[in-house]
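Work through the exercises below with the sequence and the model side by side. Each task is followed by a solution that goes step by step.

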There are 2 protein chains.
Amino acid sequence: MTAESEDSGGSEILDLENFLPYRLYRLADAVSREFGAIYKDSHGLTRPEWRTLSGLGQRGTMTATELGAQSAMHKTKVSRAVAELERRRWLTRLPDENDRRIEHLALTKAGLAAYREMVPLAKAFERALLAKLSATEQACIVNGVASLEIALGWKQRPSPGDT
Amino acid sequence: MTAESEDSGGSEILDLENFLPYRLYRLADAVSREFGAIYKDSHGLTRPEWRTLSGLGQRGTMTATELGAQSAMHKTKVSRAVAELERRRWLTRLPDENDRRIEHLALTKAGLAAYREMVPLAKAFERALLAKLSATEQACIVNGVASLEIALGWKQRPSPGDT
DNA sequence: CCTAACTGGTTTCATTTGTAACCATCGATA
DNA sequence: TATCGATGGTTACAAATGAAACCAGTTAGG
């Protein structure tokens, strides 16, 4: 630690541009906005709709609650996104045999087609983003995010034996 | 690189939980929401209002456009946040001598008091967040974010000679 | 000068969001 | 089996947001 410009202590002022919550938010917002243009322009999807599509495409079938948990969405967002995708006939609801409150959601053929179309675009976007960084920097951001996720108690620390 | 679980290539599916834009957004959203509780509960501020307060507290005086640039807000957000803070008598507008379109914004005594009250809370929040990480992890996330900011062209790479 | 293009900032309107209330159903229990 | 509390999901309403229209005021040309 040399003469750091980090000043989380003494001064009376807060340097917004170096304030982690702000930087994190601004970054995520910009990245998300840029990526959002992809699913918005190509299919007119909102973020909750994209996440729903993505979640169901990945897992095959889920209830609304599970979907919300997996993709970090409030239940009202899930509800509305599901309604819209259903309206498009991109997904269907299957009643549960035992519990009539629950519906099992799944993509239709059309929904799956859209999903399959989106996946490569998403991966390409991520790859292009990371490609702007050196290998070290890539590892840094990925690990950094992972460690914060763990610190927030969302995930378990990977068992020693992984990379 | 051992047997990574990273799969940005082959598979037909996208693992949302490992998709960087998603992880970044979810993380920033959670952190921001948690921090937001601080200025919301203590003073009923919205995020744009907090950023305005913070920006002016830090810089002393700015025009609305400058404020928007510094704190990454759309001009309508700035306009509304400024209006609200003015209504609270936390800031005042000073007309510019040469250009009557411009107003120089500055915090009033009351605004400054609120700012001074918030600063330690913000710093404490950031410190507590980082304290959940090891020194290495802290460096990782901070550098990772910085490198992405640079990659997006927002900042210059620090001249070799800094930490 | 007079107009046309531009800039700083506000307002309007449609959309998105969050909170809370709500409805239906389930499970436990008396 | 009647009731009470939890749970899955939707809806109503208010607030926050973004895009685009808008209103000065300013600058550059002709």
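**Exercise 1. Find the residues that B:Leu24 touches, leaving aside its neighbours within four places in sequence.**

Solution. Two residues are in contact if their C-beta atoms, placed from the backbone, lie within 7 Å. With the sequence neighbours within four places left aside, B:Leu24 is in contact with A:Leu27, A:Ala28, A:Val31 and A:Val145. Next, place B:Leu24 in the largest nonpolar core, which has 74 residues, and where A:Leu24, A:Ala28, B:Leu24 and B:Ala28 have the most contacts. Such a core is a set of buried Ala, Val, Leu, Ile, Met, Phe, Trp, Tyr and Cys residues joined through C-beta atoms within 7 Å, and a residue is buried if 20 or more other C-beta atoms lie within 10 Å of its own, exposed if 12 or fewer, and partly exposed in between, with C-beta atoms placed from the backbone.

This is a predicted model, in which local features need pLDDT of at least 70 and side-chain atom pairs count only at pLDDT 80 or more, while totals for chains, interfaces and linings use all residues. Residues are numbered from 1 along each chain as its sequence is written, and chains are lettered from A and ligands numbered from 1 in the order in which they are written.

**Exercise 2. Describe how chain A meets chain B.**

Solution. Begin with the count: 49 residues of chain A are in contact with 49 residues of chain B. On the side of chain A that touches chain B, H1(A) gives the most, with 12 residues; helices here are DSSP runs (H or I, at least four residues), numbered from the N terminus. Then compare the two sides: 100% of the interface residues of chain A are also interface residues in chain B, so the copies meet through the same surface.

**Exercise 3. Work out which turn lays chain A on chain B.**

Solution. The copies are superposed by least squares on the C-alpha atoms of residues with pLDDT of at least 70 in both. A turn of 180° with a shift of 0.0 Å along the axis lays chain A on chain B with an RMSD of 0.0 Å. That is the relation of a two-fold axis. In chain A, the C-alpha of A:Cys140 is nearest the axis, 2.4 Å from it.

**Exercise 4. Decide whether H2(B) is mostly covered or uncovered.**

Solution. Of the 13 residues of H2(B), 11 are buried, and the helix is mostly covered. Among the buried residues are B:Trp50, B:Leu53 and B:Leu56. After H2(B) comes B:Gly60, whose phi is positive, near 90°.

Definitions and conventions. Helices (H or I, at least four residues) and strands (E, at least two) are DSSP runs, numbered from the N terminus.
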